[in-house]
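User: Please take a close look at one pair of packed helices and at the aromatic rings. I am new to this, so explain each term as you go.

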Amino acid sequence: MKNKIVLILFILFFCVSAFLFAKIKYQENILVMVPSSLTDQIELLQQTPFSNKLFVVVSAPDTDTLNSAVETVKDKLKDCPQISESQKTDKNFILSYYYNLPYLWTQQLQEQVESLMTKESLQETNENNVMLLFSPEGNFFKDIVPADPVGIVPVILENFKKLNFAGQNLDFTNGYFTDDKNNTALLLYNTNNNEFDRSQADKIINCIKDINGSLPQDCRVFSLGAARYTQENNSIIVNDVKKILIISILLIFLVFVVLVKDKYAIFVYTVPLLVLIPSAAFTFLKFGFLSGITLGFGSILMGLAVDYSVYVYYSFKSSNKDIKKSEILKKVSKPIMLSGLTSIMSFLVLYFCDIILFKQLAYFAVFGLIYAVLIAILLAPIFYKLQNKQTTEIKLPESINCKFSIILIILIVVLGLISLKFIKTDFSLESLNSVSKQCLQDRKMFDEFVGYDTNTKSMLFVGGEAKEEILSLSNKISNFDILNFVPSKEQKEQNLNRWKQFWNRERISKLKKDINSFYEQYGIDTNIFNQFYNFLETAQGPKDVKEFDITTMYNPFIKFKNKEYMIHFVEEGFTLPQEFKDNKNIVLLSQKELQNALSDKTIKTIFFVTLFILLSDFFLLTFSFKNVKLALVSFIPILVSVSTFIILSSVFSVKLNLFSLFCLPLIIGLSVDYVIFIVHQYTKSKTLYPSMAVVVAALSSLAGFGSLIFANHTVLFSMGFALSVGIIVSGFVSVYVMPNIIKKVTKILPVFLMVFLIGCSSVPKTNSVDTKQNIQAIETQYYQGEMDDKLFFTAAINKINDKEYRVITLNELGTKMLDTTFTCDTINTHYKIKFLPKITADKLSRFYITFLFHKDYLISSMQDNKILYNNEDKTISFWSQNEFGN
């Protein structure tokens with residue numbers, strides 16, 4: 001009766017979960033992958049003048065084919081409601097820009113135009129104008145030449161290019177941007193909806209793809225922008241999730257067919273599905289969305305979920321039929337709950353991190369692990385049967401000799417430390433995104449086409465309550481190029497006054513005489529220039545010309561968190577004037593500095609998470625085993641797993657990203673799980689805790705982890721690689737290395753502690769000393785010291801050469817406090833432990849200088865073979881077993 005109630009409850013819970021699972025909404029946003037404290041800055045960087053733009057690039061073998069292809073593309077895109085064509089770069093755009101010049105008449109532009117007013121320049125310009133009017137392109141220039149016989153338009157277009165809006169390599173032709181070969185065109189569109197929405201992005205990109213079939217031969221169209229990256233990233237994740245789940249299920253089934261072959265074990269392999277669906281459903285309820293990465297992480301959870309039911313199955317399989325199920329379950333529940341608890345702790349701490357995706361993964365995993373433990377203890381026993389089969393069908397090899405095991409562990413740890421020097425890392429935001437090879441090729445072509453990359457720039461955001469306030473503040477900071485196109489009211493008045501002063505009657509009269517006399521030679525009616533002269537006199541263009549508005553094409557204004565900002569691209573290394581550095585309305589974001597802050601914050605988060613997991617696991621194991629030595633040696637699989645991961649990463653040039661580091665605490669949790677079962681095997685019962693249970697559990701977990709290696713998405717692949725290495729190594733070490741070590745734990749422990757401490761102390765620091773100095777250090781002496789009867793220390797002095805020494809200061813416990821290189825007159829500190837006061841470090845450094853380079857002074861202060869050194873309020877005693885001066 002009790003079993004039926006349990007079964008019915010689990011079935012009802014699964015049905016509810018399956019219903020919720022069908023309602024899940026998936027969302028991908030890079031902001032969930034970064035620390036919350038940096039999301040505002042990263043989101044600001046995403047709000048560029050191009051953030052709602054779609055760049056459509058058309059390529060063709062020649063100019064005529066390009067023009068035809070462009071018209072086809074523009075016609076087809078009219079049927080795409082998600083986008084609308086931005087401001088055309090046709091002659092109307094150029095003329096509206098030109099006739100707005102009185103309000104854009106800066107001192108710089110005036111000087112440029114003044115250079116065109118010489119007799120020689122006017123002669124050359126007008127000759128070109130005549131050629132243009134009679135050329136095949138004359139139709140395009142027939143309105144521009146009469147409006148601008150001086151040649152101002154080419155000048156202002158060059159100034160427009162300085163905005164780097166579409167690169168300085170492009171020209172305006174036929175209403176769009178083209179390169180110098182006239183075989184590639186750039187069209188600009190606005191995205192009418194949220195371009196980060198997956199469904200909107202899919203519709204836009206599919207529309208672009210469909211157009212390719214309508215283009216002439218050898219022509220191609222592609223797009224770049226937020227919509228393209230959203231669609232690419234989502235598409236890869238969705239395809240990866242499907243592929244990963246299928247591969248995971250197949251691999252788990254393979255483990256069952258090869259190793260288990262028992263109808264009673266079939267339930268074990270339904271556990272992943274029983275756990276995955278409720279975990280995903282309730283995670284969605286908690287966060288309101290589910291990341292594809294979280295669902296991809298489900299393959300890992302599937303592997304972990306199997307472990308606990310596998311342990312119960314093998315305990316039942318190897319037990320005598322005369323023993324009650326309840327008694328067996330009571331004994332096996334302890335290691336299962338302990339394993340579950342260590343894994344839960346590994347994930348739970350991630351929930352308190354500053355990264356939303358880590359929180360979601362933590363919630364997803366903790367929920368799933370708790371549910372998996374409940375299934376193993378409450379539901380699985382219903383389907384299992386006591387079989388009294390104490391020997392397995394497949395006989396496992398004997399465990400490795402203890403001495404050889406120690407040598408192997410030391411060798412792997414040493415190689416791991418050496419491999420640290422060759423590890424490649426990529427903590428950039430780009431490393432968290434994945435796009436197809438075609439997209440990368442398109443991006444490369446686009447960058448070459450436009451000739452610039454805004455990713456190499458810093459961005460200055462100037463905020464305020466109104467645009468005039470923002471423009472005024474921007475003018476005070478610097479003379480930004482964009483301000484020449486979006487002047488403030490005050491600047492407009494100044495520009496208009498400058499225009500009127502420059503185009504006085506005398507200058508206009510002389511210019512009119514020169515122009516008319518030239519065109520009369522060719523029989524051209526000079527009345528076509530009357531509108532031009534009128535424009536110079538009145539500063540007003542024709543009524544039918546639209547008012548120029550740069551923001552229809554390049555909008556430097558954005559709204560962020562109910563505040564308006566103006567964006568200025570500045571060179572990397574740009575510094576604000578001192579009077580603006582404390583202004584809260586000004587934000588300077590350097591992509592390089594933000595990237596460094598992102599990696600530093602994430603690395604620190606992972607470090608503290610790892611430290612917490614190590615400490616919590618140690619206390620849990622000590623409490624459970626009632627044996628500190630067993631708890632300590634249980635960390636051997638962790639040390640070997642992490643070292644092997646570092647070795648393989650360096651050998652195969654696998655770049656570590658932020659999520660590779662995220663896997664470190666997971667490797668710790670996994671490594672501890674298997675050794676817990678092995679410890680119970682050798683301290684409790686080999687019958688209840690057979691090694692085959694660990695082998696099958698490890699292979700089942702590997703089926704989940706290993707499938708991630710087949711993922712195309714960078715994050716999923718990096719997690720799969722790290723966790724696959726961790727599970728293989730920890731499983732092998734637990735089954736074949738740990739048994740003999742557990743038997744001789746008292747003798748092994750000192751060796752293990754030595755290896756562990758060497759590993760910890762050898763991890764490179766950010767300010768580590770040059771390795772060449774380590775190689776050159778040829779002489780070392782050890783001294784004991786005491787400062788004010790409070791601080792006891794050891795000094796290891798390395799003589800690098802006759803003029804240079806390196807001194808490493810350790811405390812009583814052997815922890816490095818200070819690492820310094822000295823010459824006669826310089827002190828170079830490579831490392832100082834946080835709790836050592838700076839004043840104490842300075843006193844020690846001054847003493848070392850005196851000891852190393854002024855020994856005669858100290859010999860007179862020796863008492864009982866100790867040097868007594870007094871400096872201000874500090875007294876230092878210093879002694880050695882060797883004679884002073886050796």
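Analyst: Of the 886 residues of the protein, 54% count as buried. Buried means under 20% relative accessible area; exposed means over 50%, and partly exposed lies in between (1.4 Å probe, protein chains only). This is a predicted model, in which local features need pLDDT of at least 70 and side-chain atom pairs count only at pLDDT 80 or more, while totals for chains, interfaces and linings use all residues. Residues are numbered from 1 along each chain as its sequence is written, and side-chain values use heavy atoms, with hydrogens and water left out.

The secondary structure comes to 32 helices and 18 strands. Helices (H or I, at least four residues) and strands (E, at least two) are DSSP runs, numbered from the N terminus. Now for the contacts, meaning heavy atoms within 4.5 Å. Take those with a separation of 6 or more: residues 24 or more positions apart account for 76% of them.

Now the helix pair. Two packed helices are described by the angle between their axes and the distance between the axes. Here the partners are H21 (residues 505-520) and H22 (residues 530-538). Their axes come within 11 Å and cross at roughly 165°. An axis is a line fitted to C-alpha atoms, for helices over the stretch in contact, and angles run from 0 to 180 degrees between N-to-C directions. H21 and H22 are therefore roughly antiparallel to each other. The cut-offs are under 35 degrees for roughly parallel, over 145 for roughly antiparallel and 65 to 115 for roughly perpendicular, with the rest oblique. The crossing of H21 and H22 is right-handed: the near helix is turned clockwise from the far one by less than a right angle, whereas anticlockwise would be left-handed.

Which residues meet? H21 brings Ile508, Leu511, Lys512, Ile515 and Asn516. H22 answers with Phe532, Tyr533, Leu536 and Glu537.

Next, the rings. There are 32 aromatic pairs in the structure. In one of them, Phe518 and Tyr519 meet edge-to-face, 5.2 Å centre to centre and with 85° between the planes. Rings of Phe, Tyr and Trp (its six-membered ring) pair if their centres lie within 6.5 Å; planes under 30 degrees apart count as stacked, over 60 as edge-to-face and the rest as tilted. Phe518 and Tyr519 are both buried.

Phe532 and Tyr533 also form an aromatic pair. This one is tilted, with centres 5.6 Å apart and 55° between the planes. Phe532 is buried, and Tyr533 is too. Remember that Phe532 and Tyr533 are also among the H22 residues that meet H21.

One aromatic cluster joins Tyr98, Tyr99, Trp105, Trp499, Phe502, Trp503 and Phe535. Phe502 has a charged partner as well: the charged end of Arg507 sits over its ring, 3.9 Å from the centre. A charge sits over a ring if NZ of Lys or CZ of Arg is within 6 Å of the ring centre and within 35 degrees of the ring normal. Elsewhere, Lys626 lies over the face of Phe623, at 4.7 Å from the ring centre.

Finish with what follows H22. Ala539 lies in the loop between H22 and strand S8 (557-560). Its phi is near 65°, a positive value in a residue other than glycine. Is Ala539 buried or exposed? At 7% relative accessibility, Ala539 counts as buried.
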